[in-house]
Amino acid sequence: MSMQEAALALQQLKQRIAEYDYHYYVLDAPLVSDSEYDGLYRQLVEIEQQYPELITADSPSQRVGGKALAAFESVQHRQAMLSLNNAFADDELEAFDRRVREGTGEAVVAYAVEPKFDGLAITLTYEHGLFVQGATRGDGYTGENVTHNLKTIRAIPSRLNIAQPPALLEVRGEVLMLKRDFEKLNQQQAAVKGKLFANPRNAAAGSLRQLDPHITAKRPLHFFAYGLGASIGVPELNTHSEAMQYLADLRFPVSDLRAVKIGAQGLREYYAEIGEKRHQLPFDIDGVVYKVNDFALQASLGFVSRAPRWAVAHKFPAEEATTIVEDISVQV
Ligand code: NAD
């Protein structure tokens, strides 16, 4: 592909991805399946790798997807809420582990591993133990204030169950809808000729981003914590697994499928194990997430434009395509 052809292909891909992002992140009503979207995104990244001089600031590879709706008050995140790089194949998993070992100088690396919840990222702020604000990820820097809606989710503590709570605690996690609740909601919606949701993820996002908290209160939403944001006055935590245990002790829902695995072989085993359990789980997951467990090693690896270098989402193969709108390949 010549440079001119690459520039044209990138322009077309950016336009289509922007269109799909709008329907997915803003309207909560995707036009194409995630695997189709991931295919397009992949083409874009491959072309950008071949011609890095064509990377522009507005490229989806340089930014986090969502955009805060003006209808909500906006919230500036104290710490950016970034995305995750994806791995789809075994060799990409090997490459991730190799980059981590090279970047840290460690011979073998321990990873905290978790399911990748297919919901909506949020951040919860606690001041002196009291839940004071909750926000969506938005574009990673500015999110939507959905505090009132989050207060309707019973799994989210409104006060921390601890004698001396930290002055500040930000909890990062995912709001989702259980599969059985999603089926029920769509049946109810069909009965009143209301909007049907494409999948539990979109139902969760659509339910949380309601202007009227009374509607959210009627939607059965669940929450899983998967990390910490800014904090002041928390005990010393040296690893991600310690942070998750701390959150569990504070009574946040954390996945009991979390574990610590060693090296690429450990990651491969976890992927296979969770892949087998996937259909029995009461909620959708679209892969597993591997995070370098040691916070000091995470800090030494740092971030690239839109995602940390110390984590990767290993996606499961697509199950079924929802709507096939058009051929995804870009002709150049
Ligand atoms: P992502 O969903 O691939 O990964 C980042 C997100 O993973 C985080 O923001 C967090 O919300 C979530 N996550 C779940 N479990 C986690 C855990 N244990 N630890 C940390 N994070 C966890 O990235 P994204 O930027 O939110 O979205 C991109 C993906 O969304 C695409 O790969 C595609 O599948 C889908 N998408 C689809 C369409 C469409 O039209 N179908 C459009 C846009 C995006």
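Which residue in S7 does Ala121 stand opposite? Hold that thought until Figure 2.

This is a predicted model, in which local features need pLDDT of at least 70, side-chain atom pairs count only at pLDDT 80 or more, and totals for chains, interfaces and linings use all residues. Residues are numbered from 1 along each chain as its sequence is written.

**Figure 1. The whole protein chain, with its 10 helices and 13 strands.** Helices (H or I, at least four residues) and strands (E, at least two) are DSSP runs, numbered from the N terminus. The radius of gyration of the chain is 20 Å, close to the 20 Å that the globule rule gives for 332 residues, so the chain is as compact as a globular protein of that length. (That radius is taken over C-alpha atoms, and the globule rule is 2.2 Å times the number of residues to the power 0.38.) Along its principal axes, the C-alpha trace spans about 65 × 60 × 40 Å. Buried residues make up 36% of the 332 residues; a residue is buried if 20 or more other C-beta atoms lie within 10 Å of its own, exposed if 12 or fewer, and partly exposed in between, with C-beta atoms placed from the backbone.

**Figure 2. An open sheet of 4 strands, in the order S5-S4-S7-S8.** Pairing here is antiparallel, and two strands pair if DSSP finds at least two bridges between them. Strand S5 (130-136) and strand S8 (222-232) sit at the edges, each pairing on one side only. On average, neighbouring strands of this sheet are turned by 25° against each other, direction ignored. Look at strand S4 (residues 120-127) and strand S7 (residues 168-176): 8 bridges join them, and they run antiparallel. Here's the answer to our opening puzzle: Ala121 stands opposite Glu174 in S7. Helix H6 (residues 200-208) packs on this sheet, touching S4 and S7, and its direction makes about 130° with that of S7. (Axes are lines fitted to C-alpha atoms, for helices over the stretch in contact, and angles run from 0 to 180 degrees between N-to-C directions.)

**Figure 3. Zooming in on Tyr226, found in strand S8.** Tyr226 is buried, with 24 other C-beta atoms within 10 Å. Who does Tyr226 touch, leaving aside its neighbours within four places in sequence? The contacts are Glu114, Arg172, Gly173 and Glu174, where two residues are in contact if their C-beta atoms, placed from the backbone, lie within 7 Å. You've met Glu174 already: Ala121 stands opposite it. As for Val146, it is 80 residues from Tyr226 in sequence and 19 Å away in space, C-alpha to C-alpha.

**Figure 4. An open sheet of 5 strands, in the order S2-S13-S10-S3-S9.** This one has mixed pairing, and its edge strands are strand S2 (86-87) and S9, each of which pairs on one side only. Strand S10 (residues 285-292) is mostly covered, since 8 of its 8 residues are buried. S10 pairs with strand S3 (residues 110-117) in the antiparallel sense over 7 bridges, and Tyr111 has Val292 in S10 as its bridge partner. S10 also pairs with strand S13 (residues 311-315), again antiparallel, over 5 bridges; there, Val288 is matched with His314 in S13. S3 and S9 run antiparallel and are joined by 4 bridges, with Ile262 in S9 as the bridge partner of Ala110. Helix H9 packs on the sheet, touching S3, S9, S10 and S13, and its direction makes about 135° with that of S9.

**Figure 5. Helix H3 (residues 90-104) crossing helix H9 (residues 263-277).** Their axes come within 9 Å and cross at roughly 140°. That makes H3 oblique to H9; angles under 35 degrees count as roughly parallel, over 145 as roughly antiparallel, 65 to 115 as roughly perpendicular and the rest as oblique. Asp90, Leu93, Glu94 and Asp97 in H3 meet Gly263, Ala264, Leu267 and Arg268 in H9.

**Figure 6. Two loop residues with positive phi, Asp28 and Arg251.** Most residues other than glycine have a negative phi. Asp28, in the loop between helix H1 (3-26) and helix H2 (34-50), has a phi near 55°. Arg251, in the loop between helix H8 (240-249) and strand S9 (259-262), has a phi near 75°. Is each one buried or partly exposed? Asp28 counts as buried because it has 20 C-beta neighbours inside 10 Å, whereas Arg251, with 13, counts as partly exposed.
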